[in-house]
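Thanks for asking me to look this one over. My notes follow as numbered points, so you can check each against the structure as you read.

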Amino acid sequence: MSKILSLLVVLFVTTLFLNPIAKADSATGINFEVSKIATPQTVSPSGTITYAITIKNIAATNQAPQVVTDTLPAGFAYLGSAQLTTVAGTQVTFTPVVSGQVLTWTFDGDTLQSIPADQTIVISYQVTASS
C-alpha cells in the first residue's frame, strides 16, 4: 500500500497494470496524484518492461515531491538509469538509489525546482524479468 506524508511521495507498487497509487488528501495536505503504467503489461522470462510513474500536482500552487520510492516485484531487476520528463518536456537522466528491490529518487533544486499547478512529470525506467 502506498504511504504519502506531506510533500514526501512514496510509491510501493507490485503490479504490472495501470495502478493509481496515491490521490490528494486535503486533511493531510497531500496535493499529488500518482500512477504507474507498465509497457507491456505481460512479459516472458528475460523480457523487458518499461515503467512510467506519473506525478501530477493538483494543488493551486507550484510544489515538488521530495522523494519517490518504488518497490519492484520479486523476480524483476532494474536495468540502469531512468529518465525524468519535466513539465517543459525536457528529458534528463535521473538515476535512483537502488537497495534490493527498492528504487529511490530524491528530488533537489537541481533536478526539479517544482511542478506547476495542474501539471505532471514522468519518471520512466526499465526492468527485466528473471529467466
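1. Let me begin with two rings: phenylalanine 94 and phenylalanine 107 are both buried. Please keep in mind throughout that this is a predicted model. The two rings form a tilted aromatic pair, with 5.0 Å from centre to centre and 55° between the planes. Phenylalanine 94 belongs to the loop between β9 (91-93) and β10 (97-99), while phenylalanine 107 belongs to the loop between β11 and β12; the pair links distant parts of the chain, 13 residues apart. A search of the whole structure finds four aromatic pairs, and this is one of them.

2. Another tilted pair is made by tryptophan 105 and tyrosine 125, at 5.3 Å centre to centre and 50° between the planes. Here the link runs from strand β11, which holds tryptophan 105, to strand β12, which holds tyrosine 125, 20 residues apart. Both tryptophan 105 and tyrosine 125 are buried. If you colour the rings, look for the cluster as well: ring pairs link Trp105 and Tyr125 with Tyr51 and Tyr78.

3. Tyr51 deserves a second look. Lysine 36 lies over the face of tyrosine 51, 3.8 Å from the ring centre. The side chain of lysine 36 also meets that of aspartate 70 in a salt bridge, at 2.7 Å from N to O. Because lysine 36 sits in strand β4 (residues 32-39) and aspartate 70 in strand β6 (residues 67-71), the pair ties together parts that are 34 residues apart in sequence. Are these two charged residues, lysine 36 and aspartate 70, buried or exposed? Both are buried.

4. The structure holds two salt bridges. Besides the one just described, aspartate 118 and lysine 56 meet through their side chains, at 3.2 Å from N to O. Aspartate 118 is in the loop between β11 (102-106) and β12 (120-129) and lysine 56 is in strand β5 (residues 48-57), so this contact ties together parts that are 62 residues apart in sequence. Lysine 56 has 26% relative accessibility and therefore counts as partly exposed.

5. Strand β5 shows a neat alternation of side chains. Which of its residues point to the buried face? They are Ile49, Tyr51, Ile53, Ile55 and Asn57. Thr48, Thr50, Ala52, Thr54 and Lys56 point to the other face and are not buried. So the cluster member Tyr51 and the salt-bridge residue Lys56 point to opposite faces of the strand.

6. Now the neighbours of β5. With β4, the pairing is antiparallel over eight bridges, and glutamate 33 has lysine 56 as its bridge partner in β5. With β12, the pairing is again antiparallel, over nine bridges; there, threonine 48 has threonine 128 as its bridge partner.

7. Finally, please trace the open sheet of three strands, which has the order β6-β11-β10 and antiparallel pairing. Its edge strands are β6 and β10, each pairing on one side only. Neighbouring strands of this sheet are turned by 20° against each other on average, direction ignored. Five bridges join β6 to β11, and valine 67 stands opposite threonine 106 in β11. Two residues from the earlier points belong to these strands: aspartate 70 lies in β6, and tryptophan 105 lies in β11.

Notes:
Residues are numbered from 1 along each chain as its sequence is written. This is a predicted model: local features need pLDDT of at least 70, side-chain atom pairs count only at pLDDT 80 or more; totals for chains, interfaces and linings use all residues. Side-chain values use heavy atoms; hydrogens and water are left out. A salt bridge is a side-chain nitrogen of Lys or Arg within 4 Å of a carboxyl oxygen of Asp or Glu. Helices (H or I, at least four residues) and strands (E, at least two) are DSSP runs, numbered from the N terminus. Buried means under 20% relative accessible area, exposed over 50%, partly exposed in between (1.4 Å probe, protein chains only). Two strands pair if DSSP finds at least two bridges between them. Rings of Phe, Tyr and Trp (its six-membered ring) pair if their centres lie within 6.5 Å; planes under 30 degrees apart count as stacked, over 60 as edge-to-face and the rest as tilted. A charge sits over a ring if NZ of Lys or CZ of Arg is within 6 Å of the ring centre and within 35 degrees of the ring normal. Axes are lines fitted to C-alpha atoms, for helices over the stretch in contact, and angles run from 0 to 180 degrees between N-to-C directions.
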